[in-house]
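Good morning, and thank you for making time for this presentation. Please look at the sequence and the structure as they come up, and I will then take you through them.

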Amino acid sequence: SSQSIPVIVGHRPPPRSSRLNQIRDRCLVQVRLEHSRRTSTCLTTSTTSGPSFYILNPTSLAKPNAFQLLAADVNLFKPDIVVICESWLKKHHPDSMFSLAKYTLFRHDRTKRKGGGICVYVNCAFTVHQMPENARGNKFEMIWLRVETRNRMNFVLCCLYHPPTSSFTPYSAQDLTAEIDSVLHACSSRYPDHYFVITSDLNSLNLNNIATDHGLSQIVDKA
């Protein structure tokens, strides 16, 4: 036997106006285009101010679209220094897969454990020297670079990732702060005319004593 299916019929009145039929004023602005006269393959940098930084924790550059989004941001903002915490890159990830035009790439991959790692992209207009402190082993996820700029605003750059307290680390927080303090003391003697910059994702690590001892100031106060 057949059974009827209940049907509800509405009597909603038609809309008075449709947004699709509205005619809007054009909001496009004509932009004047000019051919660049510069032939350098490097980004230009300011001669009066310090270098610009872009710092990101993407929780893996190797995941889908992460590097593409980074490249888009870098192309838009054109920072001098790009610091990536938690790159998650390993030895099977070649530099060629993560290179940015007009930047030099430096990496410190975490070994024997998942995640972590840091990498730094530096404007190729700068002269960069890897410091001997980078050869002390892979215990700390840290990169030390000495950067020379065209306006002689030279600086020592420390790029650091310290995992949350809930994660295992092969060192103590005291070991890490002692290492940073030791390198800063050595650099102060070797490069007395250099600035010092620490860019990092510290999580719960406290560097207040180091900042006080070495005259460092907190520049970024919000994310």
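Let me begin with Asn 154. Setting aside neighbours within four places in sequence, Asn 154 is in contact with Val 147, Glu 148, Thr 149, Asp 193, His 194 and Tyr 195. I should say at once that this is a predicted model. Asn 154 sits in the loop between strand E6, residues 142-148, and strand E7, residues 155-161. Is Asn 154 buried or exposed? Its relative accessibility is 15%, and buried means under 20%, so Asn 154 counts as buried. The side chain of Asn 154 also reaches the backbone nitrogen of Thr 149, at 3.1 Å.

With that residue placed, let me turn to the overall architecture. The protein has three helices and eight strands. Along the sequence, the pattern runs β-α-β-β-β-β-β-β-α-β-α. Of the 223 residues in the protein, 35% are buried. Among contacts with a separation of 6 or more, 65% are accounted for by residues 24 or more positions apart.

I now come to the salt bridges. How many does the structure hold? There are six salt bridges in the structure, and I shall discuss some of them.

Consider Arg 107 and Asp 95, whose side chains meet in a salt bridge with an N to O distance of 2.8 Å. This pair links distant parts of the chain, 12 residues apart: Arg 107 belongs to strand E3, residues 103-108, while Asp 95 is in the loop between strand E2, residues 81-85, and E3. Arg 107 is partly exposed, with a relative accessible area of 23%. Asp 95 is likewise described as partly exposed, at 42%. The two residues also belong to a network of salt bridges that links Asp 95, Arg 107 and Asp 109.

The next pair is Arg 110 and Glu 141, which form a salt bridge whose closest N and O atoms are 2.8 Å apart. Here too the pair links distant parts of the chain, with the two positions 31 residues apart: Arg 110 is in the loop between E3 and strand E4, residues 118-123, and Glu 141 is in the loop between strand E5, residues 127-130, and E6. Why do both partners count as buried? The cut-off is under 20% relative accessible area; Arg 110 is at 10% and Glu 141 is at 3%, so each of them falls within the buried class.

A further salt bridge joins Arg 146 to Glu 148, with the closest N and O atoms 3.0 Å apart. In this pair the classes differ: Arg 146 counts as buried at 15% relative accessibility, whereas Glu 148 counts as partly exposed at 26%. Glu 148 has already been mentioned as one of the contacts of Asn 154.

Let me move to the largest pocket. The space in it amounts to about 1,100 Å³. Which residues lie nearest its centre? Of the 30 residues in its lining, these are Ile 198, Ser 217, Gln 218, Ile 219 and Val 220. Strand E1 (53-56), strand E8 (195-201) and helix H3 (208-214) each contribute at least two lining residues. E8 provides the largest share, six residues. Sorted by class, the lining comprises 19 nonpolar, nine polar and two charged residues.

Finally, I would draw your attention to some residues in loops. Asn 65 is not a glycine, yet it has a positive phi of about 70°. Its place is the loop between E1 and helix H1, residues 66-77, and at 52% relative accessibility Asn 65 counts as exposed. Lys 78, also not a glycine, has a positive phi of about 50°. Lys 78 lies in the loop between H1 and E2 and is partly exposed, with a relative accessible area of 45%.

The last residue for today is Met 97, in the loop between E2 and E3. Met 97 counts as partly exposed at 49% relative accessibility. Its C-alpha atom is separated by 9.3 Å from that of Ala 62, which is 35 residues away along the chain.

That concludes the presentation, and I thank you for your attention.

Definitions and conventions
Residues are numbered from 1 along each chain as its sequence is written. This is a predicted model: local features need pLDDT of at least 70, side-chain atom pairs count only at pLDDT 80 or more; totals for chains, interfaces and linings use all residues. Side-chain values use heavy atoms; hydrogens and water are left out. On a 1 Å grid over the protein atoms alone, a cavity is a set of points where a 1.4 Å probe fits but cannot get out, and a pocket is an open set with protein on both sides within 12 Å along at least five of seven lines; lining residues have an atom within 4 Å of a point. Grid points are joined across faces, edges and corners, and a volume is the space filled by probe spheres set on the points. Helices (H or I, at least four residues) and strands (E, at least two) are DSSP runs, numbered from the N terminus. Ala, Val, Leu, Ile, Met, Phe, Trp, Tyr, Cys and Pro count as nonpolar, Asp, Glu, Lys and Arg as charged, and the others, Gly among them, as polar. Buried means under 20% relative accessible area, exposed over 50%, partly exposed in between (1.4 Å probe, protein chains only). A polar contact is a pair of N or O atoms within 3.5 Å; within protein, one must be able to donate a hydrogen and the other to accept it, and residues adjacent in sequence count only if both atoms are side-chain atoms. Contact means heavy atoms within 4.5 Å. A salt bridge is a side-chain nitrogen of Lys or Arg within 4 Å of a carboxyl oxygen of Asp or Glu.
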